[in-house]
Amino acid sequence: MRTSGLVAAALCAASTSSAAAIYERQGNGSIPQPPASDLAYSPPDYPSPWMDPEANGWQQAYAQAQAFVSQLTLLEKVNLTTGVGWMSERCVGNTGSIPRLGLRGLCLQDGPLGLRLSDYNSAFPVGITAGATWSRHLWNDRGRLMGTEAKGKGIDVLLGPASGPIGRAPTGGRNWEGFSVDPYMAGIAMAETIKGIQDAGVIATAKHYIANEQEHFRQAGEAQGYGFDVDESLSSNLDDKTLHELYAWPFQDSVRAGVGAVMCSYNQINNSYGCQNSKLMNGILKDEFGFQGFIMSDWQAQHAGAATAAAGLDMSMPGDTVFNSGRSYWGANLTLGVVNGTVAPWRLDDMAMRIMAAFFKVGRVVGETEDINFSSWTRDSIGFIQPHASENPAQVNFQVDVRGNHAHHIRESAAKGTVILKNEGALPLNKPKFIAVIGEDAGSNPAGPNGCNDRGCAAGTYAMGWGSGTSQFPYLVTPDAALQRQALEDNSRYESVLQNNQWAAVQGVVSQPNVTAIVFANAASGEGYISVDGNAGDRKNLTLWNSGDELIKNVSSICSNTIVVIHSVGPVLLTDWYENPNITAIVWAGVPGQESGNSITDILYGKRSPGRSPFTWGRTRESYGADVLYEPNNGNGAPQSDFTEGVFIDYREFDRATAENPENTPLFEFGFGLSWSTFEYSNLNVEKRQVRPYNPTTGQTIAAPSFGNASTDLDDYLFPSNIRPIRNFIYPYLNVSSAEDASDDDSYGEEAADFLPPGALDGSAQPKNPAGGAPGGNRQLWDILYTITATITNTGSATTDEVPQLYLSHGGEGEPVRVLRGFERIERIAPGESKTFRAELTRRDLSNWDTVSQNWVITDAPKTIWVGSSSRNLPLTATLE
Ligand code: BGC
């Protein structure tokens, strides 16, 4: 029987269970503290679900994988599951190969905005800017073009898209890698991106699973580097309802979209590491959501061997325990674990099946995959095939240009993801007499667009966050260059001052008659291994960088036509100056990628329709409620980040708090953005559909299948004498044939059953999860219960796009005022023209997660819907029967 406890609705369920045994016995040398009664606790969930041959969308891939995996030896299967070590080959992640059958090692490469550590690739707009387009087809195109670029470089697995972090705290360092703080919207953006990437023949990776909401303390080693005395990664402590309704929601959509890979995260969740948390990997992702692909660890996020296998991990990345240690939790240890029975043989088969099924699902053919034609570790043509060990010199970079005409999409997407927050008639610009462009953020980085490693700085115009989710710019069109080109075309006078501290010069320019001053300012963040100006990944505040606020205040104090453009990773505080009448427009240009200047020019001159904000602009940092934990709060044990706000982040928090205190009203709400025209909303129509009542899934899975036989003679797994080992390369072979010596473990020989939690080795048929049964969960969750339509009429004088949004109140106590449940970017509505907005509400959309029945339930509380142009401008409303 599957052992699965309920995650308590309360944060701090007590625990003394078999799960604790895993943490005590399987650690990486140090013994993690067992969960104390006052710390949140994650229940055990075993055995790890195996693939379902009938799973929707995976049947053919399953059959192909079965045919392939059935031919593999145990060593070959292990080779698929374990990376060869950091920088041991050309990609950021590389699995072992199966030369006997013509499969080269798989190449895994970042990331969510295109290709990292490569060349002749595009730099797409970051997630949050793509998100601000609210456009399904642009998300799909972006995914497809990124996938095409990956394929052209020989990449098999692209390490994106991301919806974790989702943006619990506005200062979260990596929020910009994802699309939106709203799970419904993020889920659709994830699904479209995944379909795009995989249609191009590359496996997509939904990451980081899960509750990876801050950079501080995500890894103990990294935190120690910043001088913190912590021995374990942060634990994100959250309840079951919040998990389902907020953080896991986009992952469920990703699974339904057929995503091939999921990356588990660095942090702990309820005091169990993301990559060995059986409840989250076995219980939620594979059992309840029906995920059929493979789970890879984030880089060095694996902290145990057999326990991670039992908890559902399928691939160890980059394969070594810590970078270049030459040791692995898997590799030889996994070989040994299977032979000695600590890891069920069917579990290894399932890992191999999942990896190969994802490979076949995206249309790959063994032996016919593109050669890897670039190296992450050098831009020279000649390098090493095994760079860390400096072995096998060869041509590694072939400078293959994979950009195609993707610049068109990039320019369009970044423009359509630019949000106009204020416009007192200053925009669109029309052949202005004199333009003065002010601020560092309009110009180039003196060190060049790629001058800072992994974009770890904020010099010049800000067009990409920092960290692993970056790419090398092929070029970067600055706002200064693009605006000047436009000015010359229009015969406008043009001057720019590109240093924030040149106040005398700025004053001389912006005090002249007829000037249109455009002030550029920014705010940056990124991944925790880089700290910029005291921002260790997470932002330390919500203010503009490089005295941006001062610059805006100074210019607007003397220039009555000051337009502010902000490049930022998320909200910044506009509170002090946004009402100044001299500030005639405020534009959020997000983080736009390589076409930055062209995109902002297209918006400022009204050539494109703008987007809508995918997060809230609050008056104060405190008004957001949840925040990053900046100081350890549990001695040197795992810092505890209690998500006590539940689902109340961003607009849900603002709506809740405003009801209590109007001072919390945000400056600009979620979903807000001005347009080039005005629109009238009318004719709300609610059509109820007839559907069968909800039936929890019943029945049994098949028993765990096994493919091929494996010898139990350790001599068969010894390092082959004809192979010269490469330094620190991770192999599946054993060095000695004595199990005791090989395991390096005094306790070797104890019963595996004592070693592992109950059920971990049980390969018998299991009851199906009532909320599960298919990829994405119970099929009936996707039944359409209501179709809502409304008429959108352009009452102004410009042809432009409108983004109608539908919000729902689930009703009942403790529920948000409203949540997003529908939206559409309707393009090019002409003056006087009406178009129909259509939204479909599924059973899942109307349900709440019921922690008692462990299923989705439509409560009896009255359900209200609203349709309008933002989360606070909702002219149409109706009650659902
Ligand atoms: C990041 C991942 C990334 C991986 C490989 C990790 O530090 O968290 O997002 O995919 O590195 O570069």
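## Strand 6 and its neighbours

Strand 6, spanning residues 203-209, is mostly covered, with seven of its seven residues buried. The model described here is predicted.

On one pairing, strand 6 runs parallel to strand 5 (residues 157-158), and two bridges link them. Within this pairing, Leu158 stands opposite Ala204 of strand 6. The connection between these strands passes through helix 6 (residues 183-199), and the resulting β-α-β crossover from strand 5 to strand 6 is right-handed. Strand 6 also pairs with strand 8 (residues 261-264); the two run parallel and are joined by three bridges. Here Tyr209 has Cys264 of strand 8 opposite.

## The sheet as a whole

These strands belong to an open sheet of six strands, ordered 3-4-5-6-8-11, in which the pairing is mixed. Strand 3 (93-94) and strand 11 (294-297) form the edges, each pairing on one side only. Strands of a sheet pair through backbone hydrogen bonds, in either the parallel or the antiparallel sense.

Strand 4, residues 107-109, is parallel to strand 5 and pairs with it over two bridges. Gln109 has Leu158 in strand 5 as its bridge partner. Leu158 is also the residue that stands opposite Ala204 in strand 6.

## Helix 10 over the sheet

Helix 10 (residues 278-288) lies across three strands of the sheet: strand 6, strand 8 and strand 11. Its direction is at about 135° to strand 6.

## Packing of helices 16 and 17

Later in the chain, helix 16 (residues 503-510) packs against helix 17 (residues 548-558). The angle between them is about 35°, and the axes lie 9 Å apart. The crossing of helix 16 past helix 17 is right-handed.

The contact involves Trp503, Val506, Gln507 and Val510 from helix 16. On the side of helix 17, the residues met are Asn554, Val555 and Ile558.

## Confidence of the model

The mean pLDDT of the protein is 94, and 94% of its residues reach 70 or more. Residues 3-36 are a stretch in which pLDDT stays under 50. For that stretch the model has 79 contacts beyond four places in sequence.

Methods: Residues are numbered from 1 along each chain as its sequence is written. This is a predicted model: local features need pLDDT of at least 70, side-chain atom pairs count only at pLDDT 80 or more; totals for chains, interfaces and linings use all residues. Side-chain values use heavy atoms; hydrogens and water are left out. Buried means under 20% relative accessible area, exposed over 50%, partly exposed in between (1.4 Å probe, protein chains only). Helices (H or I, at least four residues) and strands (E, at least two) are DSSP runs, numbered from the N terminus. Two strands pair if DSSP finds at least two bridges between them. A crossover is right-handed if, with the strands pointing away from the viewer, the path from the first strand over the helix to the second runs clockwise. pLDDT is the predictor's confidence in each residue, from 0 to 100. Contact means heavy atoms within 4.5 Å. Axes are lines fitted to C-alpha atoms, for helices over the stretch in contact, and angles run from 0 to 180 degrees between N-to-C directions. A crossing is left-handed if the near helix is turned anticlockwise from the far one by less than a right angle, and right-handed if clockwise.
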